[in-house]
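User: I would like to go through some labels given to parts of a structure and hear what each one rests on. Please show it before we start.

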Amino acid sequence: MRGKFWRTCWSLTGAVALLAGAGCAKVETREVETPTTTTTSVVGAVPQGAASQPPICGLTHDLNQCAPVQKSALSSTVPPDICDPHLQGWVPNQAGFDQLSWASLVALSWPADLTKGRGVADKTKTIGATGADGNPLPVVWDTYKQDYEIFRPNDPGWTLTDADWNKWGPAPPGCPSAPAGTPVLRMTAKAPPALARAVTQAAKANGLLGDDVNEAFTGPLVDQAGHLVRYQIHVNQTEFDQIVDGNYYKPGTSTKDLIFYDNTTDKKFGIGVTEVKAAWKVLSEPEWSGHTYYQRQVLVYDEADPQRHTPTVCKLQKMGLVGLHIAHKTSFSDPDWVWATFEHVANVPPVNGAGKGPFSFNNPACQPAVTSAQCAAAAKAGPNPDPRFQCCPNLQRYKAIGPPPDDPYNMPRGPSQATRLDPLTGASGCDAAYLAALQGTVWQNYFLVNTQWLNKGGEGGRQKPVVTPATLRNTTLETYLAQWNGNQQVSTSSCIGCHSGGVDFSYIFPSATVNAARLAKHP
């Protein structure tokens with residue numbers, strides 16, 4: 001039996017004012033597709049007639065577009081589920097889930113109030129608030145627990161309680177002093193080597209595992225300046241408590257019967273388990289001073305590799321957010337996860353090639369020295385660092401970073417040439433509505449790539465589930481999940497498809513080096 005469905009609709013009313021030149025505005029031109037025409041529009045445009053009817057659940061009267069959003073209506077409250085408008089015969093559509101994604105990003109990116117604990121919004125501030133240095137204040141999701149603070153597979157005496165949620169993990173050895181709560185981006189050798197190697201290889205063989213420098217399934221992403229992109233995984237307090245209460249943070253604890261809480265079974269918070277994966281790039285001094293990124297001083301830690309005799313390196317580095325996954329366990333459709341993914345506007349050009357550079361992960365002037373057929377053959381053959389293939393789109397150029405025979409972290413690498421494969425339709429109007437309300441903040445420089453959900457025909461699941469949309473690819477998190485069909489590439493990335501092999505759709509547990517046999521069972 002399902003629990004009581006969340007039925008509180010938040011009202012988003014009022015006209016949208018586009019604030020020309022407000023703050024550090026950076027507007028991207030992107031391709032917009034409709035069933036009958038293809039045009040080019042600017043992010044921030046409001047659907048015609050959108051304000052003529054009162055919104056329901058943040059949607060226009062026909063429920064297939066996001067209603068205009070006033071900045072004053074943005075909320076620090078995390079929505080626990082999509083909003084049910086109580087209309088007979090209503091079934092959810094993309095706009096409802098996109099609205100959930102944007103409302104979630106706003107709430108999770110609200111300035112945090114660390115005087116009240118981790119993951120708590122500061123309701124005295126507004127989204128996008130900055131400190132005296134002009135940089136954004138730490139936000140809610142960025143104060144959630146990181147996986148390294150939960151899983152300590154090499155410490156047999158490691159124990160946790162729910163009360164440990166508000167404690168900060170210590171900085172790794174050899175790191176410079178930094179304020180409590182400074183994020184840590186880690187690349188570790190993962191001792192004991194034999195166990196780590198077995199787990200890593202079993203996971204990689206089944207496409208399960210990314211880490212702080214490797215994308216899931218594949219290897220590292222290198223920006224146009226030659227810097228590695230780094231990754232983090234955060235979990236909310238609901239997930240932390242459930243992991244701790246079940247001793248799931250301890251290696252060897254069976255997760256066979258684990259079902260994560262959704263918003264109805266989460267009796268303590270009523271939110272449901274939420275995981276956030278962030279992608280960060282090194283910022284140049286002009287990028288740092290330009291304040292167009294959610295940016296922070298971060299401890300970047302690369303552990304010594306005894307097999308290669310490389311030392312531990314840890315330093316404070318100026319990093320900017322380039323990609324963000326939000327995965328949320330909700331009760332709708334008995335129940336399921338919803339995946340939202342966001343990117344920075346300066347990552348890559350849109351599908352139609354328009355938009356101003358420079359881009360972090362694409363050089364528009366880079367033309368392959370080989371044919372499309374040769375690029376396709378190289379993609380099938382595996383990582384290819386040959387400079388002749390440097391401009392092949394979405395080609396994994398380097399092996400995963402790790403213990404031998406994988407590549408070392410400190411080798412020089414040329415840039416990746418990432419491209420967007422799926423047009424950004426903007427059909428739900430949610431990007432336009434929310435980006436207009438976020439003008440004057442760094443969050444105006446991020447956009448929703450899409451929201452993926454399992455369409456069962458409405459509450460109660462009246463049809464065979466359909467993954468909607470069929471693919472979802474973030475260019476900074478699933479760069480290489482593409483295949484060639486003739487002379488064209490298509491996306492092969494699906495959050496639901498990939499995560500179906502995890503523990504209740506989560507891959508948080510490889511961080512605990514669970515036994516390799518369990519990992520190897522997943523298709």
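The turns below take the labels one at a time.

Analyst: This is a predicted model, in which local features need pLDDT of at least 70 and side-chain atom pairs count only at pLDDT 80 or more, while totals for chains, interfaces and linings use all residues. Residues are numbered from 1 along each chain as its sequence is written, and side-chain values use heavy atoms, with hydrogens and water left out.

User: Why is Cys57 called buried?

Analyst: Buried means under 20% relative accessible area, exposed over 50%, and partly exposed in between (1.4 Å probe, protein chains only). Cys57 has 6% relative accessibility, so it counts as buried.

User: What makes the phi of Cys57 worth a remark?

Analyst: Phi of Cys57 is near 55°, a positive value in a residue other than glycine. Most residues other than glycine have a negative phi. Cys57 is in the loop between β2 (38–42) and α1 (94–108); helices (H or I, at least four residues) and strands (E, at least two) are DSSP runs, numbered from the N terminus.

User: What makes helix α4 largely enclosed?

Analyst: In α4 (residues 237–245), 7 of the 9 residues are buried, so the rest of the structure largely encloses this helix. Those buried residues are Thr238, Glu239, Phe240, Asp241, Gln242, Ile243 and Val244. They pack against β3 (145–146), α2 (147–150), β5 (230–235) and β6 (274–282), where contact means heavy atoms within 4.5 Å.

User: Is Asn247, which follows α4, buried or partly exposed?

Analyst: Asn247 has a relative accessible area of 33%, so it is partly exposed. Asn247 lies in the loop between α4 and β6, and its phi is also positive, near 60°.

User: How do you know that Glu285 and Lys318 form a salt bridge?

Analyst: A salt bridge is a side-chain nitrogen of Lys or Arg within 4 Å of a carboxyl oxygen of Asp or Glu. For Glu285 and Lys318 the closest N and O atoms are 3.0 Å apart. Glu285 lies in helix α5 (residues 285–290) and Lys318 in strand β8 (residues 313–330), so the pair ties together parts 33 residues apart in sequence. The structure holds 15 salt bridges.

User: What links Asp336 and Lys456?

Analyst: Their side chains meet in a salt bridge, at 3.1 Å from N to O. This pair links distant parts of the chain, 120 residues apart: Asp336 is in strand β9 (residues 336–344), and Lys456 is in the loop between β10 (446–455) and β11. Asp336 has a relative accessible area of 13%, so it is buried; Lys456, with 15%, is buried too.
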